[in-house]
Amino acid sequence: MNNNTTPNNGDKDNRGPGNRQSILMFLVLMLAAFLVFGFLQRTFTEATTREISYDEFLTMLEEGEVAKVEDTYNTWRITPKEQPFGENGIELTYYTGKMDDPDLLSLMREQGVEIDPYIPDTTSSMIYQLASILLPILLMVLALNYVMRRMGGGGMMGVGKSKAKVYIEKETGVTFKDVAGEEEAKESLVEVVDFLHNPDKYVEIGAKLPKGALLVGPPGTGKTLLAKAVAGEAHVPFFSLAGSDFVEMFVGVGASRVRDLFEEAKKNAPCIIFIDEIDAIGKSRDSRLGGNDEREQTLNQLLAEMDGFDSNKACIVLAATNRPEILDQALLRPGRFDRRIIVERPDLKGRVEILKVHSKHVKMDETVDLEALGLATSGAVGADLANMINEAAILAVKNGRKAICQKDLFEAMEVVLMGKEKKDRILSTEERKIVSYHEVGHALVSALQKDAEPVQKITIVPRTMGALGYVLQTPEEEKYLLSKKEIEARLVVCLGGRAAEEIVFDTVTTGASNDIEQATRLARAMVTQYGMSEKFGLIGLETRESMYLNNGTVLNCSDQTATDVDSEVMRILRESYDEAKRLLLENRTCLDKIAEFLIEKESITGKEFMEIFRKVKEGQEEYHQEELIFAE
Ligand code: ADP
Ligand code: MG
Ligand code: ZN
């Protein structure tokens, strides 16, 4: 990527010994210049003048050979009537020392010699003296300045300099076209860009220009990408840096960096400043999270600078974070980051669009159906999807294909979400059987319940992320709400694996730990967050720590209530488990048949699964009917 660095940023590679060398070099050169100059002056005067004794001078005077005598303060300079030539053909003058000689003047008058007396030249000599002191100092200062500038941000002098990178116009190479989905975020940002292009339009009507906008969303949803796109669209200088760039070991450095950054920005208005991961400095200043002098000073400086902005000067500060709840309230008030641009996890349409954007440059054959992949990747963010397309391309190459097919895409999805297949891990026959029953338990319970999601694939090929096998389920359509029934169905599906193990082998394994964890979290949320348990009713017992990161929750209730919550969660889980066992016991034949098939095939598709399921079901119904006939 091409980017201009600020002038004071310089090339940092010249730091260290190189610089000391250049100072030394400079000094040596200066000294040499002085010496050479002095030497030249000496040789010049030596070549044009010659010393004579006072006797010789008097003799020359008496014999009338002298044309002119000049008093040079401490010598007589004598110009003879017939000037002799030196070795180089230059006319020579003589000089001799002055002596207390009262007769000299009358002798010179007698001979008619031109007398040039000494006139003390006060002003020019003072200037000369001053210059001879000041000039070297000036030179030294200039030299030091030059060297410092070359060191740029390095050394002690440059610690407080901002590290902002400046992107100008389209140098990021990213435009809004490269950001798929996120229409609302883009709309807000287009507005911001428009503010910068035509500030008059807004000022005329009396609107104040916004000062800052905060991009908020889970990791990987494209916040940084959006900011880059703004830079690509804005045609104004774009200062980009991360929150951590401000943080240094010394207190006060961050603050001075902020000051420097804003100074630079004001010079370049209209412009955009982008601070990525602003939570690094914008953390709330309360002491609960641990105070930090340096960070707080930096934050205070940032607050002050944002207030100090002239609102007619079109400078806009963009920032990105995935932890808006820990940001200091002062940052979020009107006049600072008052605009909040939410960058959500993409919905189905958004995911398909992101897939399209990223598949533009890869070859795909006609089997590819991005809609299907979009539907299967509910919850995935842009970064995951971009990664999937890339993995699919790599898989296609590995399999010797010229283009990506749908199978590659789904395989890539599993690689991204579950890790790579571990082909070399060989399970013993017994373990394969257990894993197989466990997975079919999940799938079968899911198929037996009305509110569960359809099964897409069942596999017992181990993956690098720890799974020995899994059931892939895809929803029929994008869902934004979960009903209580659906959550209950999900709980039963979660525990179906363990239930199958218990029914078939009369013993249980460690394989269900992840299922149990998931089920517990879901059941607990039902009680403490969703108000879905009759016992507690509509009480919020837990608050989420973070909106966009899975940071967990904090319980805010008495210990007594916490104990009650635990027992309620236990009850829900127990009932779900019993339900799973009931369903599987009723369909034992089905369970056996599908598990057998899975052990043989390792992976079966949802279609194959449903086929066996239906066949066995029909068989059972005939059987049931027969029973009924007999009963009659
Ligand atoms: P974050 O929100 O964590 O800053 P990034 O902007 O760094 O996420 O996104 C990481 C990568 O994911 C991007 O470089 C891009 O390839 C891809 N990506 C994320 N969101 C989108 C999107 N909406 N459209 C296209 N690509 C996206
Ligand atoms: Mg980012
Ligand atoms: Zn399981």
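These are my notebook entries on the surface patches and cysteines of a predicted model.

**Entry: negative charge on the surface**

I looked for clusters of like charge and found a negative surface patch in which Glu62, Glu63, Glu65 and Glu82 come together. I then placed one of these residues, Glu62, in the secondary structure, and noted that Glu62 belongs to helix α2, which spans residues 54–62. Its relative accessibility is 52%, and I entered Glu62 as exposed because the cut-off for that class is over 50%.

**Entry: nonpolar surface**

I next turned to nonpolar side chains and recorded a surface patch of about 380 Å², built from Ile23, Phe26, Leu27, Met140 and Leu144. Two elements, α1 (17–48) and α4 (122–151), each supply two or more residues to this nonpolar patch, and the largest contribution is that of α1, with three residues. I checked Leu27 separately: Leu27 sits in helix α1, and with a relative accessibility of 34% Leu27 counts as partly exposed.

**Entry: cysteines**

Which disulfides does a search of the whole structure find? I noted that the count is zero. I looked more closely at Cys271, for which the nearest cysteine sulfur belongs to Cys315 and lies 3.3 Å away; a disulfide requires the two sulfur atoms to be within 2.5 Å, so this pair does not qualify. I also looked up burial for two cysteines: Cys271 is buried, its relative accessible area being 0%, and Cys590 is likewise buried, with a value of 1%.

Definitions and conventions: Residues are numbered from 1 along each chain as its sequence is written. Chains are lettered from A and ligands numbered from 1 in the order in which they are written. This is a predicted model: local features need pLDDT of at least 70, side-chain atom pairs count only at pLDDT 80 or more; totals for chains, interfaces and linings use all residues. Side-chain values use heavy atoms; hydrogens and water are left out. Patches are made of residues with over 30% relative accessible area and no salt bridge: like charges are joined within 9 Å, nonpolar side chains (Val, Leu, Ile, Met, Phe, Trp, Tyr) within 5 Å. Accessible areas come from the Shrake-Rupley method with a 1.4 Å probe; for residues, only the protein chains shown count as cover. A salt bridge is a side-chain nitrogen of Lys or Arg within 4 Å of a carboxyl oxygen of Asp or Glu. Lys and Arg count as positive and Asp and Glu as negative; His and the chain ends are not counted. The place of a charge is taken as NZ of Lys, CZ of Arg, CG of Asp or CD of Glu. Helices (H or I, at least four residues) and strands (E, at least two) are DSSP runs, numbered from the N terminus. Buried means under 20% relative accessible area, exposed over 50%, partly exposed in between (1.4 Å probe, protein chains only).
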